[in-house]
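Student: Could you take me through the salt bridges of this chain in one close reading, with the criteria spelled out as you go?

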Amino acid sequence: MRVLVLGGDGFCGWPTSLYLSDRGHDVTILDNLSRRKIDVDLEVESLTPIVSVSDRIKAWREVSGREIGFVNVDLANEYDRLAALLRELRPDAIVHFAEQRAAPYSMRSAKTKRYTVDNNVRATHNLLTAIVDTGVEAAVVHLGTMGVYGYGWSGSAPIPEGYLTVKVPTPDGDLEREILHPANPGSVYHMTKTLDQLLFAFYAKNDGLRITDLHQGIVWGTQTPQTARDERLINRFDYDGDYGTVLNRFLMQSAIGHPLTVHGTGGQTRAFIHIKDTVRCIEIAIENPPQTGDKPLVLNQMTETHRVLDLAKLVSDITGAEIAYLPNPRREAEENDLAVRNDQFLALGLEPTTLSEGLLGEVTDIAGRYAHRADVRKIVARSVWRAGMETAPDLLTELPAREG
């Protein structure tokens with residue numbers, strides 16, 4: 001299958017590109033390398049050393065004997081080039097990762113809020129328009145987020161996969177209808193993914209596009225069997241307050257002797273998935289697209305749920321790291337329950353990778369090996385959700401650690 005991976009240089013896109021290539025697909029990456037530019041702006045690098053994209057592709061050719069194509073293109077601003085590439089490459093499937101992916105970064109400033117909306121929404125709409133314009137019959141797989149649902153779903157009722165059956169009262173009795181699950185985005189980033197859903201619904205209905213929207217949980221882990229073959233192929237390991245995902249941050253913090261930074265009470269429950277399962281889910285999705293005329297297929301791409309504080313205690317028990325409770329920069333409930341359905345992925349063959357000490361060890365080993373690259377000034381989250389909210393202490397010695 002000929003596959004375009006949009007945003008294929010990123011944390012999820014790169015291991016997905018290698019995995020699909022390793023599985024025999026003809027892969028081309030389209031990316032404007034904006035994530036690397038953001039590193040420069042934030043003055044922080046991945047904990048793991050990331051070589052140039054050309055060196056990455058060269059290393060993959062050397063270890064696998066397979067080619068991955070690369071085109072530097074800005075999907076949000078270079079529509080004509082995107083359309084030309086679709087006409088030239090005629091992909092069978094398009095995997096869309098090409099969006100600014102961090103909620104804290106999207107709330108950092110007016111500039112980053114505007115950038116997140118401009119980049120994410122325009123990139124998605126340009127892609128959909130270009131597919132219609134060129135007549136390319138490619139199935140689209142989009143990486144969305146569990147965050148579109150929000151975390152206010154009451155009680156223990158599990159979040160369904162994208163759609164909700166509701167009853168509408170009328171004078172003649174109740175009408176049963178299926179609607180998109182009500183959205184409750186918690187950041188500008190999550191809002192853009194919510195807007196994506198509406199674009200997908202329209203283009204599937206109006207133009208018959210085949211679209212799968214993957215509502216993904218928080219990704220943990222770093223390596224896949226493909227990225228582990230050569231250090232030049234290593235995946236990103238973000239640990240800073242804007243881009244570092246919570247479990248990876250805890251493991252890195254423990255590796256350098258930094259307290260584990262829990263925001264608020266730590267009672268927030270989140271969905272999680274290992275990076276190895278992310279790439280497998282993408283493969284499942286491109287091999288099982290919806291039919292022309294179907295509404296977008298929505299799959300919850302997660303394998304388990306955990307409270308943030310429970311994860312901190314798990315890492316603390318393994319490593320002996322202290323836990324530090326910091327002000328929560330987000331506007332959210334101090335605690336929430338979260339039950340999620342992922343029946344479709346399980347039925348299609350996903351074998352979930354769940355938390356275990358061995359897998360935590362894999363990430364801890366990576367964190368320990370590259371601990372000398374960590375900039376402790378970048379660990380604590382600085383982005384806040386509204387003006388006047390309290391920010392975290394500046395110095396490691398000021399962090400108020402206490403027993404969990």
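Tutor: What follows takes the salt bridges one pair at a time and ends with a strand pairing.

This is a predicted model, in which local features need pLDDT of at least 70 and side-chain atom pairs count only at pLDDT 80 or more, while totals for chains, interfaces and linings use all residues. Residues are numbered from 1 along each chain as its sequence is written, and side-chain values use heavy atoms, with hydrogens and water left out.

Side chains of opposite charge can pair when their charged atoms come close. A salt bridge is taken here as a side-chain nitrogen of Lys or Arg within 4 Å of a carboxyl oxygen of Asp or Glu, and by this rule the count comes to 24 salt bridges.

One of them joins Lys193 to Glu99, with 2.8 Å between the closest N and O atoms. This pair links distant parts of the chain, 94 residues apart, since Lys193 lies in helix 7 (residues 188-207) and Glu99 in the loop between strand 4 (93-96) and helix 5 (103-106). Helices (H or I, at least four residues) and strands (E, at least two) are DSSP runs, numbered from the N terminus. Lys193 counts as buried at 5% relative accessibility, and Glu99 counts as buried at 9%; buried means under 20% relative accessible area, exposed over 50%, and partly exposed in between, with a 1.4 Å probe and protein chains only.

A salt bridge within one helix is formed by Glu283 and Arg280, at 2.8 Å from N to O. Both belong to helix 9 (residues 275-287), and because they are 3 residues apart there, about one helical turn separates them. Glu283 is buried, with a relative accessible area of 1%, whereas Arg280 is partly exposed at 23%.

Asp310 and Arg307 also form a salt bridge, their closest N and O atoms being 3.0 Å apart. Here Asp310 is partly exposed, with a relative accessible area of 36%, and Arg307 is partly exposed at 29%. Elsewhere, salt bridges that share partners join Arg35, Asp39, Arg101, Arg236 and Asp238 into one network.

Finally, the strand pairing: strand 6 (residues 163-170) and strand 7 (residues 173-180) pair in the antiparallel sense over 8 bridges, where two strands pair if DSSP finds at least two bridges between them. The two strands form a hairpin with 2 residues between them, and Lys167 stands opposite Glu176 in strand 7.
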